[in-house]
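This briefing covers a helix at the start of a chain and a set of charged side-chain pairs. Please look over the sequence and the model first.

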Amino acid sequence: MRTMTMWIRQCTVAVAVLAAMTVILGIAYPAVVWGVSRLGTTSAEGSQVTDRNGCVVGSTLIGIDPQVAPGEPDRYLHARVLGSADDPMAPGDPAASAASNQGPNSEKLAGWITERRDLIATREGVAPDQVPADAVTGSGSGLDPQISEAYARLQVPRLARENGKSVEEIEQVISEHTAGRQLGFLGQARVNVLEVNLDLGLTAPGCD
């Protein structure tokens, strides 16, 4: 009888501990973490960026390269090569986050770079040797949200022409969204493509 009583008592304690830990770790702790994640930041939702209408148009962490239909004016700043599709320009698609896995001795990569350089040179109306390296290569993640100042400046004449603005106005917009070297000496100055395009009127499609 005593053994049975002890067994029932141990089971009762075990069930009580299980219930308590379920409430604490399965309900209370996740609720606290969720609540803290909502305090003054959008990081938990992917660092979302909204347009002038309040609609989500992208993320501060993910590059987006606006594509225009053939014959339509190309009014926006272009990002680096995004994604790893077989398309040499690999237009921005967050679902395609991956590097190409092509090494420096890859003939395929060399062909892509040559084709990209020619396409960009034609689009911007410059000689191929004026196209900077980051314009024809992707980042490790394939979703770099920023480009070099050189690539941004290369696009200024087209942006001014297609947006009906002066070169000086476009350069001012780019300057406002250019970050310097980290800690003053790490890396290079970089231009945030999405922020520039928002100032040029980019909006989320299908959002009223």
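The points below deal with helix 1 and then with salt bridges.

The model is predicted: local features need pLDDT of at least 70, side-chain atom pairs count only at pLDDT 80 or more, and totals for chains, interfaces and linings use all residues. Residues are numbered from 1 along each chain as its sequence is written, and side-chain values use heavy atoms, without hydrogens and water.

**Helix 1**
- Helix 1 (a DSSP run of H or I, at least four residues, numbered from the N terminus) covers residues 2-37 and reaches 51 Å from its first C-alpha to its last.
- That is close to the expected 52 Å, the expected span being 1.5 Å times one less than the number of residues.
- Helix 1 bends by about 30 degrees at Ala-28, with Pro-30 following within four residues; the bend is the angle between axes fitted to the seven residues ending there and the seven starting there.

**Salt bridges**
- There are five salt bridges, each a side-chain nitrogen of Lys or Arg within 4 Å of a carboxyl oxygen of Asp or Glu.
- Arg-158 pairs with Asp-74 at 3.5 Å, N to O; Arg-158 is in helix 5 and Asp-74 in the loop between strand 2 and helix 2, 84 residues apart.
- Arg-158 is buried at 3% relative accessible area, where buried means under 20% (1.4 Å probe, protein chains only).
- Glu-124 also forms a salt bridge with Arg-158, at 3.0 Å, and Glu-124 is buried at 9%.
- Asp-74, Arg-123, Glu-124 and Arg-158 are joined into one network by salt bridges that share partners.

Methods. Helices (H or I, at least four residues) and strands (E, at least two) are DSSP runs, numbered from the N terminus. Buried means under 20% relative accessible area, exposed over 50%, partly exposed in between (1.4 Å probe, protein chains only).
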